[in-house]
Amino acid sequence: MDSTAQTPQTPPTPTIPLGVTDQQNAALLDDTLKLLNGGVPDQADKHGLAEIDRWIEVLSASERTGLAKILQEMKTLREQLIDGDTENHAIAETLATLGAEANKVADESNNHFTASLNHLGKVLIKLGSSLSR
């Protein structure tokens, strides 16, 4: 028996884009709204970062146009939260931008996600506003 380490057969990152169903999108929106409706998550709470990571993965896999700005802002928010020294006003600006972009996507879509996206946009803007005080 060979004692040398075997190279994994599966690449660490899938080369085929992740397929996300409408049901999974709805669940992600619901989970995010539940998290944010409780107010600004505590920085020590890693659930917020996990939610951001989920969004980054889903947005990266999406073939829908117009999501690049949201993806960029999600990555910025993640970096700001991990940094720990980021000023509240910078996080507030990122949240407000995310809220505005979510509203823009909601306005451009004619599907059953429109209401949830508009609600998410309003919640993000409200959270940003509460942080900037």
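Among contacts in the protein chain between residues at least 6 apart in sequence, 62% join residues at least 24 apart. The model from which this value was computed is a predicted one. The protein chain has 5 helices and 0 strands, and from the N terminus on its elements follow the order α-α-α-α-α. Of the 133 residues in the protein chain, buried residues make up 34%.

The path through the structure may begin at helix α2, which covers residues 47-61. The 15 residues of α2 should span 21 Å at 1.5 Å a residue, and this agrees with the end C-alpha atoms, which are 21 Å apart. The buried residues of α2 are G48, L49, E51, I52, W55, I56, V58, L59 and A61. Several of these names return in the contact with the next helix: on the α2 side, that contact includes L49, I52, W55, I56 and L59.

How do α2 and α3 pack, in angle and in the distance between their axes? The angle is about 155°, and the axes are 10 Å apart. The two helices are therefore roughly antiparallel to each other, since an angle over 145 degrees counts as such. The crossing in which α2 passes α3 is left-handed. In full, L49, I52, D53, W55, I56, L59 and S60 in α2 meet I70, L71, M74, K75, L77, R78, L81 and I82 in α3. By class, this contact of α2 with α3 comprises 11 nonpolar, 1 polar and 3 charged residues.

Helix α3 also packs against α4. The axes of α3 and α4 come within 10 Å and cross at roughly 155°. That angle makes α3 roughly antiparallel to α4, and the crossing of this pair is left-handed. From α3, the contact draws on K69, I70, E73, M74, T76, L77, Q80 and L81; from α4, it draws on A90, I91, T94, L95, T97, L98, E101, A102 and V105. The residues of the contact of α3 with α4 divide into 10 nonpolar, 4 polar and 3 charged.

Two residues illustrate the region where α3 and α4 meet. The first to consider is E73, which lies in helix α3. Is E73 buried or exposed? Its relative accessibility is 9%, so E73 counts as buried, the limit for that class being under 20%. Not counting residues up to four places away in sequence, E73 touches T94, T97 and L98. These three partners of E73 also appear on the α4 side of the contact between α3 and α4. The other residue is T86, found in the loop between α3 and α4. With a relative accessibility of 18%, T86 likewise counts as buried. When residues up to four places away in sequence are not counted, T86 touches Q80 and I91. Q80 belongs to α3 and I91 to α4, so T86, which counts as buried, touches a residue of each helix that its loop joins.

Helix α4 itself runs over residues 88-108 and has 21 residues. From its first C-alpha to its last, α4 reaches 30 Å, close to the 30 Å expected at 1.5 Å a residue. Which residues of α4 are buried? They are I91, A92, T94, L95, L98, G99, E101, A102, N103, V105 and A106. What covers these buried residues includes α3 (68-83) and α5 (114-131).

The packing of α4 with α5 completes the path. The axes of α4 and α5 come within 7 Å and cross at roughly 165°. That makes α4 roughly antiparallel to α5, and the crossing of α4 and α5 is left-handed. The contact of α4 with α5 has, by class, 14 nonpolar, 7 polar and 2 charged residues.

N103 gives a local view of the last helix pair. This residue has its place in helix α4, and its relative accessibility of 17% means that N103 counts as buried. Leaving aside its neighbours within four places in sequence, N103 is in contact with L117, N118, G121, K122 and I125. These partners of N103 fall within the residue range 114-131 of α5, one of the elements that cover the buried residues of α4.

Methods. Residues are numbered from 1 along each chain as its sequence is written. This is a predicted model: local features need pLDDT of at least 70, side-chain atom pairs count only at pLDDT 80 or more; totals for chains, interfaces and linings use all residues. Side-chain values use heavy atoms; hydrogens and water are left out. Helices (H or I, at least four residues) and strands (E, at least two) are DSSP runs, numbered from the N terminus. The expected span of a helix is 1.5 Å times one less than its number of residues. Buried means under 20% relative accessible area, exposed over 50%, partly exposed in between (1.4 Å probe, protein chains only). Contact means heavy atoms within 4.5 Å. Axes are lines fitted to C-alpha atoms, for helices over the stretch in contact, and angles run from 0 to 180 degrees between N-to-C directions. Angles under 35 degrees count as roughly parallel, over 145 as roughly antiparallel, 65 to 115 as roughly perpendicular and the rest as oblique. A crossing is left-handed if the near helix is turned anticlockwise from the far one by less than a right angle, and right-handed if clockwise. Ala, Val, Leu, Ile, Met, Phe, Trp, Tyr, Cys and Pro count as nonpolar, Asp, Glu, Lys and Arg as charged, and the others, Gly among them, as polar.
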